[in-house]
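This report describes a single protein chain for a reader who has not seen it before. Please look over the sequence and the structure before reading on.

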Amino acid sequence: MANINRVVLVGNLTRDPELRHTPSGTAVCSLRLAVNTRRKDGATGEWTEKPNYFDVTVWGNQGENCAQYLAKGRPVAIDGRLEWREWEAQDGTKRQAVEIIADTVQFIGGRGDAEPGAERQFVPAGATAAADADFAGADDDIPF
């Protein structure tokens with residue numbers, strides 16, 4: 001059986017990106033993403049939105065671009081994988097966290113676009129290439 005570890009999220013940044021560098025000089029950008037989930041309240045029957053928050057790590061040139069062009073409130077689409085980390089805190093307690101390691105970050109809208117509720121469309125990385133390959137030569141079959 002194949003293992004799959006894939007995450008696709010579309011949401012808004014809850015804070016400005018934080019850029020740092022490893023000792024070898026590789027850029028690492030940290031993002032915090034809020035993604036709303038719509039739920040119907042069983043008691044009232046009304047639809048409500050519950051935010052979910054995710055920590056996202058973006059490496060290399062893409063991380064530098066995120067730090068340069070993104071800001072709090074900006075809508076983005078993330079395509080990546082989950083990674084579980086465990087470490088020991090300064091007080092000696094063991095800590096753990098699940099974060100998203102981004103393979104691609106798609107900036108959605110313009111710099112001024114941070115409107116909540118605005119519909120955005122996101123196509124995961126590689127999906128457009130596969131779709132283009134499926135339709136290669138399809139125009140040759142059109143009779144007009």
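A residue is called buried when its relative accessible area is under 20%, exposed when that area is over 50%, and partly exposed in between. Cys66 has a relative accessibility of 0%, so Cys66 is buried. The model discussed here is a predicted one.

## Overall layout

The chain has two helices and six strands. Their order along the sequence is β-β-β-β-α-β-β-α. Of the 144 residues in the chain, 24% are buried. Among contacts with a separation of 6 or more, 57% are between residues 24 or more positions apart. The chain exposes about 10,100 Å², and carbon and sulfur atoms supply 48% of that area.

## Cysteines

A disulfide is a covalent bond between the sulfur atoms of two cysteines. How many disulfides does the structure hold? The count is zero. Cys29 takes part in no disulfide, and the nearest cysteine sulfur to it, in Cys66, is 5.3 Å away. A disulfide requires the two sulfur atoms to be within 2.5 Å. The sulfur of Cys66 has its closest cysteine sulfur in Cys29 at 5.3 Å, and this is too far for a bond. Cys29, with 0% relative accessibility, is buried, and Cys66 is likewise at 0%.

## Salt bridges

In the whole structure, six salt bridges are found. The table lists some of them.

| Residue pair | Closest N to O |
|---|---|
| Asp103 and Arg6 | 2.6 Å |
| Arg15 and Glu18 | 3.5 Å |
| Arg32 and Asp55 | 2.8 Å |

The side chains of Asp103 and Arg6 form one of these salt bridges. This pair links distant parts of the chain, with Asp103 in strand β6 and Arg6 in the segment before β1 (7-13), 97 residues apart. Asp103 is partly exposed at 37% relative accessibility, and Arg6 is partly exposed at 45%. Arg6 and Asp103 also belong, with Asp79, to a network of salt bridges.

Another salt bridge joins the side chains of Arg32 and Asp55. Arg32 is in strand β3 and Asp55 is in strand β4 (residues 47-59), so this salt bridge ties together parts that are 23 residues apart in sequence. Arg32 has a relative accessible area of 23%, so it is partly exposed. Asp55, at 32%, is partly exposed.

In the salt bridge between Arg15 and Glu18, Arg15 has a relative accessibility of 30% and counts as partly exposed. Glu18 is partly exposed at 42%.

## Around Arg15: Ser30 and Ala71

Arg15 is also a contact partner of Ser30 and of Ala71, as described below.

Ser30 belongs to strand β3 (residues 27-40). Is Ser30 buried or exposed? With a relative accessibility of 13%, Ser30 is buried. Its side chain makes a polar contact of 2.9 Å with the side chain of Arg20. Apart from neighbours within four places in sequence, Ser30 is in contact with Arg15, Pro17, Glu18, Arg20 and Val56.

Ala71 sits in the loop between α1 (60-69) and β5. At 35% relative accessibility, Ala71 is partly exposed. In sequence, Ala71 and Arg15 are 56 residues apart, while their C-alpha atoms are 6.8 Å apart in space. Not counting residues up to four places away in sequence, Ala71 touches Leu13, Arg15, Asp16 and Pro17.

## Strands β5 and β6

Which residues touch Glu99, leaving aside its neighbours within four places in sequence? They are Asp55, Thr57, Arg81, Leu82, Glu83 and Arg85. Glu99 lies in strand β6 (residues 94-107). Its relative accessible area is 10%, so Glu99 is buried. The side chains of Glu99 and Thr57 make a polar contact of 3.0 Å.

Leu82, one of the contacts of Glu99, is part of strand β5 (residues 75-88). Leu82 has a relative accessible area of 40% and is partly exposed. Together with Trp84 and Val98, Leu82 forms a nonpolar patch on the surface, and the three have about 320 Å² of accessible area together.

How values were computed:
Residues numbered from 1 in each chain as written. Predicted model: local features only at pLDDT ≥ 70, side-chain atom pairs only at ≥ 80, totals over all residues. Heavy atoms only, no water. Helix = DSSP H or I, 4+ residues; strand = E, 2+ residues; numbered from the N terminus. Buried < 20%, exposed > 50% of the residue type's maximum accessible area, 1.4 Å probe, protein only. Contact = heavy atoms within 4.5 Å. Areas by Shrake-Rupley, 256 points an atom, 1.4 Å probe, with all protein chains shown as cover. Patch = residues over 30% accessible without salt bridge, like charges linked within 9 Å, V, L, I, M, F, W, Y side chains within 5 Å. Salt bridge = Lys/Arg side-chain N within 4 Å of Asp/Glu carboxyl O. Polar contact = N/O pair within 3.5 Å; in protein donor to acceptor, adjacent residues only side chain to side chain.
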